Amino acid sequence: MFLLEADTTGISRLMFLGTLGMLTLAIGIIVFVIFHQRKVIRYQLQMKKLEEEKQQILLNASIRFQEEERQRIAADLHDDAGPLLATARLYLNENLVNQEKAQQLQSIYSAKQIIDDAILLIRNISHSLMPPTLKNFGLESATTDMFQKISGSGTLNASARFHDYRDRLKVDQELLIFRVIQELINNIMKHSNAGFIHLTQNAANNKIYLRIHHDGKGIVQAEFDKLNHNANGLGLKNIASRIKVLKGRIFLK
Amino acid sequence: MVFLAFFVFDLFQIKKVPTNTLIFEFLFFIVVIVFFLFQRMNDIVSIPISSTISFWIAVGLLIYFSGNFFNILLTKLSLDPKIRAQSGMIYMIVTISKNILLCLALLGSEKNEITDENIPFPNDEGFQKLDISNN
């Protein structure tokens, strides 16, 4: 080996420089580890902050949605059920004043019809809160029913096909999925100007896949994410928060 | 297994001091410590790595092994007293540095380490507890 022949000064210098080099390398690695890890921590904190902001937006959206829903129910009760019941009371009051039997019968009949209308109205409000078909017969029936109603209105052709839905999910999960479908269909009807909507359900690996496609104007994933992070777009935030509760994912293309 | 291999190799070279196996051992430890540091760097995401005991122990050992590497490598090439003295000085400086770092590591109190598997991200338990059913 040539090193064996090297002189003492050479070995001494090589030892000094080598040790210095190794120590510099070691310190370099240590400094890199410290700084890189700090960078990772900063990134994690940023991510955490973003996640918190997102949670806050979703929470606000869900509160706003709840308030809007309450306002809608209050308006329905106040504007529709209230006048109906007031009119029925007027007819019944007339009975106390008017003693003529034929007129009494007429006003009782009118009051009965109005009360029937009020019952129907309250039933419709109740159904809009929790569709009875969904509760009693499940997601498949409720969705098919909804699509049939849309198709029946004649505005667009809607069809739903469930290929693999043998075991029902929990009622609250079904309700969440149903609300997501409702919101998506509502958006398609409102904004896309579609001629048909088709829903397909499949299941694989303990997961349920729902595919909705239409021939109207749609949005892509990037737009959905953008709208979802905006202060506006309550419906989309509701979709996102419901899907989050279900631990699911939504893809738009 | 690696240490067993070193032992067997040492048996054949027992008369030579320091042996080549020592150089391989040093290299092996340097690689292991660097690997350990990189792994810790990726695992710990909530607190600075420098506030953990294991980091300073690893740093102390890395300084020791890398500082003494060339010392071990070259000492056997010369029996000159000047080289021996220089080697001894390097050894002492590096060993004292290592011992100081180990003492500091053991004196310091470690914060709770949070790895990327248990990051306390804002949970969505609130959503999961919502009773949506009308039952």
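**Entry 1: a helix pair across the chains**

I looked up H2(A) against H3(B) to begin with, and the two are roughly antiparallel to each other (the word covers angles over 145 degrees, while under 35 counts as roughly parallel, 65 to 115 as roughly perpendicular and the rest as oblique). This is a predicted model, in which local features need pLDDT of at least 70 and side-chain atom pairs count only at pLDDT 80 or more, while totals for chains, interfaces and linings use all residues. Residues are numbered from 1 along each chain as its sequence is written, with chains lettered from A and ligands numbered from 1 in the order in which they are written.

Helix H2 spans residues 8-97 of chain A and helix H3 residues 53-75 of chain B; I noted an angle of about 160° and axes 8 Å apart. Axes are lines fitted to C-alpha atoms, for helices over the stretch in contact, and angles run from 0 to 180 degrees between N-to-C directions. Helices (H or I, at least four residues) and strands (E, at least two) are DSSP runs, numbered from the N terminus. The crossing of H2(A) and H3(B) is right-handed, that is, the near helix is turned clockwise from the far one by less than a right angle, anticlockwise being left-handed.

For contacts (C-beta atoms, placed from the backbone, within 7 Å), I listed the residues of H2(A) that meet H3(B), among them A:Ile11, A:Leu14, A:Gly18 and A:Met22; the H3(B) side includes B:Val59, B:Ile63, B:Gly67 and B:Phe70. The residues of this contact divide into 14 nonpolar, five polar and no charged. Here Ala, Val, Leu, Ile, Met, Phe, Trp, Tyr, Cys and Pro count as nonpolar, Asp, Glu, Lys and Arg as charged, and the others, Gly among them, as polar.

**Entry 2: the whole interface**

I found 36 residues of chain B in contact with 35 residues of chain A. On the chain B side, H3(B) gives the most, with nine residues. That side divides into 21 nonpolar, twelve polar and three charged residues.

**Entry 3: confidence**

I read ipTM 0.70 and pTM 0.51 for the model. Chain B has a mean pLDDT of 75, with 66% of its residues at 70 or more; pLDDT is the predictor's confidence in each residue, from 0 to 100. Within chain B, H3(B) is highest at 89 and H5(B) lowest at a mean of 43. The pLDDT is below 50 over residues 119-135 of chain B, yet this stretch has 21 contacts in the model beyond near neighbours in sequence.

**Entry 4: the sheet of chain A**

I traced an open sheet of three strands in chain A, in the order E1-E2-E3, with mixed pairing. E1 (157-162) and E3 stand at the edges with a single partner strand each, so one side of each has no neighbour in the sheet.

Strands pair if DSSP finds at least two bridges between them. E1(A) and E2(A) pair in the parallel sense over six bridges, and A:Arg161 has A:Thr200 in E2(A) as its bridge partner. E2 (residues 196-204) and E3 (residues 207-214) of chain A are antiparallel over eight bridges; A:Leu199 is partnered by A:Ile212 in E3(A). Their hairpin has two residues between the strands, and A:Asn205 takes a positive phi near 50° there.

**Entry 5: H5(A) and H6(A)**

I took H5 (residues 139-152) and H6 (residues 171-192) of chain A last: the angle is about 20° and the axes are 10 Å apart. That makes H5(A) roughly parallel to H6(A). Residues in contact include A:Leu139 and A:Ile150 in H5(A), and A:Ile177 and A:Phe178 in H6(A).

Conventions: Contact = placed C-beta atoms within 7 Å.
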